[in-house]
Amino acid sequence: MKINILELSKNKDFDLEIVFLNSLEEISSIKDKESLEQLDFKVKDEISAILVESKKIYVGFEEYNYDSLAIAIATAVKKFKTTKFKNAKIVLTNELEENFKALVEGAILGSYSFETYKSEKDSKKQELSFIVEDKKPLLNTILKESTTISKAVNVARDMVNTSPADFYPEIFVKEAQKIAKDLELECEIFGEKYLEKNKMMAMHSVGRASIHESHLIHLKYKPKKSLKKVVLVGKGLTYDSGGLSLKPSDFMVTMKADKSGAVAVLNSIKVIAELKLPIEVHAIIGAVENMIGGNAYKPDDILRAKNGKTIEVRNTDAEGRLVLADCLCYAQDEIKNIDYILDFATLTGACVVGLGEYTTGIMGNNESLKQQALESCQSSGEYATKLDFNRYLKKCIKSEIADVCNISNTRYGGAITAGMFLDNFIYEENKDKWIHFDIAGPAFVEKAWGYNPYGASGTGVRLAVKFVQDLVKRG
């Protein structure tokens, strides 16, 4: 859907007008009052009504904030998309202008649909125009930036929604190489021989039963004048069968989404480079497929990670943390003078149980950094909360025969114990620079929510970009 800004003096005839309603008093002052009353229209989020004769879509919203307005415009856009009308307008009030970012992102994210595998696709071309009284450069800046971010989120959704037969580690490599070529980024690709040679046997073992070779991908964005250096690390399980600790069949469905963390990292560095932010960013992706076969790694195996630590495997379905362990070590060994390390992973079902389907869990050792990450997340439009480490849960991943066990000895606190497992692979000098984001809940939900569709949400992209933007503001 094309989105633009038009000055009132250049206004044209539109097929539809989208009208936002925030109170019952607003309804009483419009000519369609009677029709809306007959339709039992409510001034609430996610409520809309189309009056064809009046050529208007009315949409309710409860508060002048990002979430409420993004949901409202997404609701209106979805209604617009069900029609044959070609264009619609929204007249911006002062209050709506102040929340313009929410309107742009809500419209683009709300208009998303995944039709790759549909034999009949929606070919309609529709346009949405925001009407302003006169030129406002700030709005154009917001439009450009928010469009770049939102389009990247939608690309991330496409990648995550793509079938595992069509998106495997080699495809991750091709996507990374394309981004590198388009944006003139450095790109290094390492296969299984490199993993063996560099003793990265945690990651190597997870993917060795797959017909698809595992790849570690390293993208580098290096602006001429950089304020900080940020490393983004993503879990890229293009499919997770659970390995020999095989998942139940209904739990295997949606496991194409286990690459969501790496997809978020890939599209985040793309946006950061497109926006030309003055922060050096490295994206590290562990692209792996966890399958079964005669060569599969086994419960009872002892694996050695890149930093020399040994891992007792008690469940091969706790594989993402093994991939991340080596990726985190690689990042710290190969990249000097790191300021921040952020990892993104659909790591645990426990995080979904604890926080619900819509919220990311934030973990780490530095309280102020966790708060900084939380604030960036919330202002980006995503949902998150902090989960704290503690000394007693650390004992739950103790191994009697290795340095650490890949699963906890209790079913409780599983999201936190997984985060504490990763902490074993953060070097002492980087302990306070690291944040772990468990995005297992919001990354893929099998029902539409707010301005997010069925399936992939693109969680992590807006969060990572906003974190980097906030670093720029702080200088």
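In the predicted model, His215 is in contact with Pro169, Glu170, Val173, Ile189, Phe190, Gly191, Met203, Ile285, Gly286 and Ala287, when neighbours within four places in sequence are set aside. The residue belongs to strand β8, which spans residues 215–221. His215 counts as buried because its relative accessibility is 11%, under the 20% limit that applies to this class. A further spatial relation concerns Ala325, which is 110 residues from His215 along the chain; the C-alpha atoms of these two residues are separated by 14 Å.

A second site examined was Asn11, in the loop that links β1 (2–7) with β2 (16–21). Its relative accessible area is 30%, so Asn11 is classed as partly exposed. Apart from neighbours within four places in sequence, the contacts of Asn11 are with Lys89 and Ile131. For Asn11 and Ile131, a sequence separation of 120 residues is accompanied by a C-alpha to C-alpha distance of 7.5 Å.

At the level of the whole protein, the secondary structure comprises 17 helices and 19 strands. The radius of gyration is 24 Å, which agrees with the value near 23 Å that a compact globule of 475 residues would have. Along the principal axes, the C-alpha atoms fill a box of roughly 75 × 50 × 45 Å. Of the 475 residues, 59% are buried. When contacts between residues at least 6 apart in sequence are considered, 76% of them join residues at least 24 apart. The exposed area amounts to about 20,900 Å², of which carbon and sulfur atoms supply 48%. The protein carries 65 positive and 68 negative charges, and the mean positions of the two sets are 3 Å apart.

Burial was also examined for an individual helix. Helix α5, formed by residues 100–110, is mostly covered, with 10 of its 11 residues buried. The buried residues of α5 include the hydrophobic side chains Phe100, Leu103, Val104, Ile108 and Leu109. Glu105 is also buried in this helix, as are Ala102, Gly106, Ala107 and Gly110. In general, an α-helix has 3.6 residues a turn, so residues three or four places apart point the same way.

Strands β3 (residues 48–51) and β4 (residues 56–60) run antiparallel and are joined by 4 bridges. Within this pairing, Ala49 stands opposite Tyr58 of β4. The hairpin formed by β3 and β4 has 4 residues between the strands, and Lys55 adopts a positive phi near 55 degrees there.

Backbone geometry of this kind was also found elsewhere in the model. Most residues other than glycine have a negative phi. Glu46, although not a glycine, has a positive phi near 70 degrees; Glu46 is located in the loop between α2 (33–38) and β3. Asn337 likewise is not a glycine and has a positive phi of about 55 degrees. The position of Asn337 is in the loop between α12 (320–334) and β13 (340–345). With a relative accessibility of 67%, Asn337 counts as exposed, since the class begins over 50%.

How values were computed: Residues numbered from 1 in each chain as written. Predicted model: local features only at pLDDT ≥ 70, side-chain atom pairs only at ≥ 80, totals over all residues. Heavy atoms only, no water. Helix = DSSP H or I, 4+ residues; strand = E, 2+ residues; numbered from the N terminus. Buried < 20%, exposed > 50% of the residue type's maximum accessible area, 1.4 Å probe, protein only. Contact = heavy atoms within 4.5 Å. Rg over C-alpha atoms; globule rule 2.2 N^0.38 Å. Areas by Shrake-Rupley, 256 points an atom, 1.4 Å probe, with all protein chains shown as cover. Lys, Arg positive; Asp, Glu negative; His and termini not counted. Charge placed at Lys NZ, Arg CZ, Asp CG, Glu CD. Pairing = 2+ DSSP bridges.
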